[in-house]
Amino acid sequence: MAAVVEVRDLHKRYRARDPWAVQGVTFSLEPGRAFGLLGPNGAGKSTVVKAIVGLTRPDSGTVRLFGSTPDDQAARSQVGFAPEEPDFPKYLRADEVLDYFGQLLGLSATERRRRISEALDWSTLAGERREVRHFSKGMKQRLGLAQAILGRPKLLILDEPTSDLDPIGRRDVRELINGLKAQGTAVLLNSHLLSEVERVCDRVAIMIRGRILKEGPMEELVPEGRTLEEAFMALVEASAQMREPGLPAFIAESRTSPGGS
Amino acid sequence: MTQALAVARYTMLELTRRRLLVMILAFGVLLMGGIAIAPHVLPGMKSDQDRVIAMLTALAGVVPNAVTLCAFAVGMTVINHDLDSGAVISIFSKPVNRASYTAGKLLAAISLLLMIAAIFAVGSLLPMDRVPGASEVVDIWFWFAYVVAICAVLFWTVRRKQV
């Protein structure tokens, strides 16, 4: 089956004197599959995602999107992207943002009307008349997801999609991912919420400091009787990249000092 | 082209909701109202010629400054807002190229400044019509119709009913 996205030996750093944000990342994703990109803060997950969407150019390596490059508008029109901490033109309302993005996607007026109504219903933002600047973080995240599915993408990229959502919102996103997978849409999920990743992803890659430490099917990475979180922590600790679990100095000192409780 | 027009339309819609711009515009229009009334109530205005000179002098001071302030407000907002808020990430994740985006932003800025200039032009022409002899210098009602038409077209473009 032809890969929807293929990343080969991707290298990226933002300034010459900075360390590599991403180095040698390689993976591919097939239709109807969900791929989880995991890692601690600063691991380079968002940089990989931005390179796939064409928001940043790699220093070396290749990204193939539907057999083309991320610069190809036809390829990009098949991608839905919900960024981390999504934001929108803040003086517009939710329906206006979706109409704007629908026009950028080249949808006809009839199609926009239908899809906007669907997306607003799904995101529970139908009837919301306030401008985006008055939205809560959760509402912005829902709008971010709504605009990502507006173009009926064949590749859906979700960067921390549930970080600001309540449990109901998380359940909705889980159902959305499973529904899209069943329709043949590939999903690239970048998340800290390992329990969410465990529930929806078929394959995962664990990244630390710009490199993929381990990649494979979920059942291969997570041994029987263990959770993804346990496997993740074990792997990260074994890489000696993580500090000892600790407390802020003022709490640790009060515990060790004679007068401390 | 369609993408540039979409960028332009929604940028204009956003700009018309900016409180700063509306306040500058309202302040400018109020000042012009004052300029229209002042020559008729101030002492020392003995003839129509005095009133025309006073009015033109005041308009020449107020209108360029108000338009310049509006231009600053529009220019500083038009792209910067998208960059500051991070909205540009969502926009560029869509199949839109940077040239279309820039063209759309530029089109919105120029159109809105045209509309603002038209509003000030109408504001300047109306008091002139009250002064005898001024209509011999300029066909006030032609220009009035012209600027109202510009405002109407731009306003209709922005406020067109959502799909």
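This is a short dialogue on reading the chain contact, a helix and some salt bridges in a predicted model.

Visitor: How many residues does each chain bring to the contact, and how much area is buried between chain A and chain B?

Guide: Chain A contributes 30 residues and chain B contributes 27 residues, and the area buried between the two chains is about 2900 Å², with carbon and sulfur atoms giving 58% of it. On the side of chain A, Tyr91(A), Tyr100(A) and Leu104(A) supply 25% of the area that this chain buries against chain B, more than any other three residues.

Visitor: What polar pairing is there across the interface of chain A and chain B?

Guide: Side chains of opposite charge can pair when their charged atoms come close. Across this interface the rule finds two salt bridges, and 12 residue pairs are in polar contact, counting residues at pLDDT 80 or more. Asp99(A) forms a salt bridge with Arg9(B), where the closest N and O atoms are 3.9 Å apart. Arg17(B) belongs to a network of salt bridges that also links Arg93(A), Asp95(A), Glu96(A) and Arg129(A).

Visitor: Which helix of chain A gives the most to the side that touches chain B?

Guide: Helix 3 of chain A does, with seven residues, and the residues of that side of chain A divide into 14 nonpolar, five polar and 11 charged.

Visitor: Why might one expect a salt bridge between Glu111(A) and Arg115(A) to fit the geometry of helix 4 of chain A?

Guide: An α-helix has 3.6 residues a turn, so residues three or four places apart point the same way. Glu111(A) and Arg115(A) are four residues apart in helix 4 of chain A, and therefore about one helical turn separates them; the closest N and O atoms of their salt bridge are 2.8 Å apart. Arg115(A) counts as buried because its relative accessibility is 13%.

Visitor: Which parts of chain A does the salt bridge of Glu196(A) with Arg174(A) tie together?

Guide: The closest N and O atoms of this pair are 3.4 Å apart. Glu196(A) lies in helix 7 and Arg174(A) in helix 6 of chain A, so the pair ties together parts that are 22 residues apart in sequence. Both Glu196(A) and Arg174(A) are buried.

Visitor: Is helix 5 of chain A mostly covered or mostly exposed?

Guide: Helix 5 of chain A is mostly covered, since 12 of its 13 residues are buried, and what covers these buried residues includes strand 5, helix 3, helix 4, strand 6 and helix 6 of chain A. At 1.5 Å a residue, helix 5 of chain A should span 18 Å, which agrees with the 19 Å between its end C-alpha atoms.

Definitions and conventions
Residues are numbered from 1 along each chain as its sequence is written. Chains are lettered from A and ligands numbered from 1 in the order in which they are written. This is a predicted model: local features need pLDDT of at least 70, side-chain atom pairs count only at pLDDT 80 or more; totals for chains, interfaces and linings use all residues. Side-chain values use heavy atoms; hydrogens and water are left out. Contact means heavy atoms within 4.5 Å. Buried area is the accessible area (1.4 Å probe) that two parts lose on being put together, summed over both. A salt bridge is a side-chain nitrogen of Lys or Arg within 4 Å of a carboxyl oxygen of Asp or Glu. A polar contact is a pair of N or O atoms within 3.5 Å; within protein, one must be able to donate a hydrogen and the other to accept it, and residues adjacent in sequence count only if both atoms are side-chain atoms. Helices (H or I, at least four residues) and strands (E, at least two) are DSSP runs, numbered from the N terminus. Ala, Val, Leu, Ile, Met, Phe, Trp, Tyr, Cys and Pro count as nonpolar, Asp, Glu, Lys and Arg as charged, and the others, Gly among them, as polar. The expected span of a helix is 1.5 Å times one less than its number of residues. Buried means under 20% relative accessible area, exposed over 50%, partly exposed in between (1.4 Å probe, protein chains only).
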